[in-house]
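Visitor: Could you take me for a close look at how the side chains pack in one part of this protein? Please spell out your cut-offs as you go.

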Amino acid sequence: MRRPLLVAALVVATVACSPPPAEVDRGYLVITGAGGSLETVDMTTEERQVVSPASGAPVPVQATASHDGTTLVWSDVDAEGRQVVRVRAEGATNELEVPTVPFYYAFNADGSTLAALGNDPAGQGVALLLIDVDGDRAELVEVGQPYFIDWGPDGERLAVHVGNDVLGLVDGRGDRTNVEVSPGLFSAPAWTEDGRIVAVLATDQLTASLAALQAPRFTLALVDPDDASTETVADLSESAAFEISGDRIAYIHADSGLGPLAVVDIDGRNPVEVAADEVVAFEWSPDGQSLLFYTLASESLELVPHVWDGDAVVDFAGFMPTAMFVNQYLPFWAQYTRTITQWSPESTGFAYAAAPDDGPGQVRFQPLDGEIVDMGEGEMVIWSP
C-alpha cells in the first residue's frame, strides 16, 4: 500500500476573513508528437496550445525550456528545408539557421546563451555550438567524440568532457582550457552550487603488462576547476552516471550503464543504497527531496517507476516506453537530466510517455499520492522548470 504524501501546512487564524490562497503555478508540459509537433499544456489553467505543427521532417525536435520556463527552444526545418533552431519567448517564435541540427540544448543561468550539441557537418564527431538567444549568432566552436557538457552556476563557462581523456572549461567565446586531471569512465560532468565539478577520475594509471591482471579503479570526485585539486566522494570499480542536488549526489555504477543506485553526501558521508536492481535512469525532484528512478520489469521490457523520499521507496505502475524516449533520450539520460525534467515544478508527481500495444504514444501524469491522469497523445514529454 502506498503511503500518502505528508504535506506540512501552517494555518494562521485571523478575525477578519482571510484572502483566498494564491494559486500555485504548476508549470506546463511540453509534448512532442510523432510527426515532430509540439504542444504545451498549462497545468494550472489546463489550456492547450499547439506551438509547432507536425512537419514530418526527420530531425530531432529535442524541446528544452529555460530555467525560468519563459523560453522554449527546439530543432526544426524551415520551408526551404534548412536546419533551424526555433526559439519561442513571450508568445513569439524566431528561427535561426545553424550549421548542424542540434540534438541537445542547455540554457545558461540567465537564459541568454544556449550551448547545443549536434553531429559535426564534416563527420568528425559531435559539434559544440554556442547560440545567442537574443541575437543571430550560432557558432560551431569545437568538435569531439564523444562530447558532454554542463553550464557552471554563474552561466559564464561550461564544464566539458571530451573524448575519453579531457575534462575542460569552455568560456563564452568558445575557448577551451583543460583541467589537469585524468578522467575515468563517465559521460556528463555536473557542477556543485559552490563551483566545483563532479566527475569520475581514474586513480590507477595501468601499464599494458598490468592491465590484464588489475582492474581499473576510479573515484567519484569533486574537482576544483581553477587549481585541479580533487576531493574523493566515493570509490568506484566501474563507470558511473550521476546527478547532484544540493549537498547530495545520486549515482549508478556499472560498465553496462545499468546498475545499483546509491546516494551520498558530497563530502562522502552517509552513503545509502537506494536500489540494488539495475536502474536505467534517475533524476532528483525540483525540491531535492525525492529521487525518481526507473528499473526494467523482470518479465518484460516495461519501465517501472519508483520514488525514494529519503526513507522508503514507493513503486508505481510499469509502462512500455515510446520509441522516441528509448532511442533518443534513454541512452544519454545522464546528459539530458541536466537540462530537462519529467518532475512537476512542485515535486508532487511526474509525467512520461507510454507506448500502447497499438496506436500513438500516450502522455500520463502520475501524482505521488493519486491515480494516473491521461494527458492525451504524445511520444515525449518534459515539464517546464
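Guide: Happily! Buried means under 20% relative accessible area, exposed over 50%, and partly exposed in between (1.4 Å probe, protein chains only). The model is predicted, so local features need pLDDT of at least 70 and side-chain atom pairs 80 or more, while totals for chains, interfaces and linings use all residues. Numbering starts from 1 along each chain as its sequence is written, and side-chain values use heavy atoms, without hydrogens and water.

Let's begin with Phe350 and Tyr352, which are both buried. Their rings form a tilted aromatic pair, 6.3 Å centre to centre with 35 degrees between the planes. For Phe, Tyr and Trp (its six-membered ring), a pair needs ring centres within 6.5 Å; planes under 30 degrees apart are stacked, over 60 edge-to-face, and the rest tilted. Both residues belong to one aromatic cluster with Tyr294, Phe316, Phe319 and Trp343.

Phe350 and Tyr294 also appear among the residues with the most contacts inside the largest nonpolar core, which has 48 residues. Such a core joins buried Ala, Val, Leu, Ile, Met, Phe, Trp, Tyr and Cys through side-chain atoms within 4.5 Å. Leu128, Tyr147, Ile149, Leu158 and Tyr329 are likewise among its best-connected members. Tyr147 touches (heavy atoms within 4.5 Å) residues including Leu117, Val126, Leu128, Val160 and Val170, leaving out those up to four places away in sequence. Apart from this core lies another, of 29 residues, among them Ile197, Ala221, Val223 and Ala234. In soluble globular proteins, nonpolar side chains tend to be buried together.
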